[in-house]
There are 4 protein chains.
Amino acid sequence: MKTIQDIQAMLEVFVNEREWQPYQSPKNLAMALTGEVGELVEHFQWISQSESQALSEEALLEVKDEMADVFIYLIRMADKLGIDLIEAAEVKIEKNAVKYPIEKSKGNQLKYSKLT
Amino acid sequence: MKTIQDIQAMLEVFVNEREWQPYQSPKNLAMALTGEVGELVEHFQWISQSESQALSEEALLEVKDEMADVFIYLIRMADKLGIDLIEAAEVKIEKNAVKYPIEKSKGNQLKYSKLT
Amino acid sequence: MKTIQDIQAMLEVFVNEREWQPYQSPKNLAMALTGEVGELVEHFQWISQSESQALSEEALLEVKDEMADVFIYLIRMADKLGIDLIEAAEVKIEKNAVKYPIEKSKGNQLKYSKLT
Amino acid sequence: MKTIQDIQAMLEVFVNEREWQPYQSPKNLAMALTGEVGELVEHFQWISQSESQALSEEALLEVKDEMADVFIYLIRMADKLGIDLIEAAEVKIEKNAVKYPIEKSKGNQLKYSKLT
């Protein structure tokens, strides 16, 4: 089974073969990430929440491709910045557990700054 | 070493403990992803491309947290939709290799629809 | 009553007083616009469509500020690029009327590329 | 010369003719806005700041259309929420003047929370 590191290595080859390194600054990659998220969101903008849980096979394949693009740019950005995404997520989940204590956050999605 | 599946499992516990499942439709998660990408981009909006390659330690830690948030919502969304992010990325890289043939794309970042 | 041109002029004074012109390239302004849209979306991510039509007075004031920020960067960007937003919108509405003919689009939100 | 109110009225006719009102909740419009901003950003993601100030005529026309789409959804959203964009911008510029005092912000783009 492949890992994030494998995808990262595949992307590096892909970018190097096309001599795209000069374009791929973290600033530019952040923009590219935005663009892909925009394309992803377009699939969900006019449908209801329940429809979003029951996409057609065709829509799901399109969504999968958009999510892959988001993931690809996130991995490229992490690579350029020397960030380990898995470790970053672990650390952030622990921070979020402090920001959103179970007893205060149960059953509501209030922003931590609005929890009382 | 942890995998995406491990993070996915940690997130599921986190969400269940707070009874947040009803909020986390794919539609809503796509919006949350957007919000986090917006926060990530804010770190890069006024700096130059070369500055973005040499962030201060403080800025890098903030960026790491924002990228973690993007990753977290991407994993949640993939989980809800039954998408394997690693496999999706592999498939997309192959598609991109066809859309952007090396001989046509070398040294330029033209969109595939503008390649001649 | 003030116009977009008045806001544009106010913004130019604001930016000049702070010597922010060097930061405000169209590329950077596009990023700033993204960041503000991300903040706007955060207000809507966990609520239902019907809740989004009945915001509390407090939420509405916050949303108003975020929309103002989006508008401000859109105006700055248009200014930098020599684009007249009102005229651009008029032209685009006409194009959209062709892309989405009434008889084909009535009652559905299919993307024009999927209309049959 | 047309005003925002004129565009707003044109859009209402456009939406009503296509019976799209049920889709256009503020939540959904916020998502559509995101999608359009994503398309706008794509035009700037691989170019330099100085290139973004000297777009080709072709690129400028495409950017103009994307900015129009952003503006259109912003106007629709404001309409749905009863927000006057011009007044909102005026109020926000005054708030920003307090958050970013000239003497502290001159020549830097530090976030207000980092100003000393």
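# Two interfaces, one predicted model

Chain A can be laid on chain B by a turn of 180° and a shift of 0.0 Å along the axis, with an RMSD of 0.0 Å. The same surface serves both copies here: 100% of the contact residues of chain A recur in chain B. One caution before I go on. This is a predicted model.

Let's take the contact between A and B. How many residues does each chain put in? The contact takes 69 residues from chain A and 69 residues from chain B. Together, chain A and chain B bury about 6,400 Å². Of that area, 69% is on carbon and sulfur atoms.

Now the charged pairs. The rule finds 8 salt bridges across the interface of chain A and chain B. One of them sits between the side chains of A:E90 and B:K2, at 2.8 Å from N to O. On polar contacts, the count between chain A and chain B is 30 residue pairs, both partners at pLDDT 80 or more.

Which helices of chain A supply this face? Six helices are on the list, each with at least two residues on the side that touches chain B. They are α1 (4–17), α2 (26–42), α3 (49–52), α4 (57–81), α5 (85–99) and α6 (102–105). The largest share comes from α4(A), with 14 residues. By class, the side of chain A that touches chain B divides into 40 nonpolar, 16 polar and 13 charged residues.

Let me zoom in on one residue of chain A. A:K92 is in helix α5 of chain A. Is this lysine buried or exposed? A:K92 is buried, with a relative accessible area of 5%. The cut-off for buried is under 20%, so 5% qualifies. What does the A:K92 side chain pair with across the interface? A polar contact of 3.0 Å joins the side chains of A:K92 and B:D69. Look at the wider neighbourhood too. Leaving out residues up to four places away in sequence, A:K92 touches A:K99, B:D65, B:A68, B:D69 and B:I72. So keep B:D69 in view: it is on that list of residues touched by A:K92, and its side chain is the one in the polar contact.

Next pair: chains B and D. A rotation of 180° with 0.0 Å of shift along its axis superposes chain B on chain D, at an RMSD of 0.0 Å. The two copies are thus related as by a two-fold rotation axis. Which residue of chain B comes closest to that axis? B:M31 does, with its C-alpha at 3.5 Å. Again the same surface serves both copies: 100% of the contact residues of chain B recur in chain D.

On to the B and D contact itself. The contact takes 15 residues from chain B and 15 residues from chain D. Chain B and chain D bury about 1,100 Å² between them. Here 47% of the buried area is on carbon and sulfur atoms.

What about charge at this interface? The rule finds 6 salt bridges across the interface of chain B and chain D. Among them is the one where the side chains of D:K114 and B:E58 meet, at 3.7 Å from N to O. Polar contacts come to 8 residue pairs across this interface, both at pLDDT 80 or more.

Who supplies the chain B side? α2 (26–42) and α4 (57–81) of chain B each supply at least two residues of the side that touches chain D. α2(B) gives the most, with 6 residues. By class, that side of chain B has 4 nonpolar, 5 polar and 6 charged residues.

Last item: a backbone check. Most residues other than glycine have a negative phi. Now look at A:E19. A:E19 has a positive phi of about 55° although it is not a glycine. Where is A:E19? A:E19 is found in the loop between α1 and α2 of chain A. A:E19 is partly exposed, with a relative accessible area of 41%.

Chain D has its own entry. D:E19 has a positive phi of about 55° and is not a glycine either. D:E19 lies in the loop between α1 (4–17) and α2 (26–42) of chain D. Its relative accessible area is 41%, so D:E19 is partly exposed.

To recap the two contacts. Chains A and B: about 6,400 Å² buried, with 8 salt bridges. Chains B and D: about 1,100 Å² buried, with 6 salt bridges.

Methods
Residues numbered from 1 in each chain as written. Chains lettered and ligands numbered in written order. Predicted model: local features only at pLDDT ≥ 70, side-chain atom pairs only at ≥ 80, totals over all residues. Heavy atoms only, no water. Contact = heavy atoms within 4.5 Å. Buried area = accessible area lost by both parts, 1.4 Å probe. Salt bridge = Lys/Arg side-chain N within 4 Å of Asp/Glu carboxyl O. Polar contact = N/O pair within 3.5 Å; in protein donor to acceptor, adjacent residues only side chain to side chain. Helix = DSSP H or I, 4+ residues; strand = E, 2+ residues; numbered from the N terminus. Nonpolar A, V, L, I, M, F, W, Y, C, P; charged D, E, K, R; others polar. Least-squares fit on C-alpha atoms with pLDDT ≥ 70 in both. Buried < 20%, exposed > 50% of the residue type's maximum accessible area, 1.4 Å probe, protein only.
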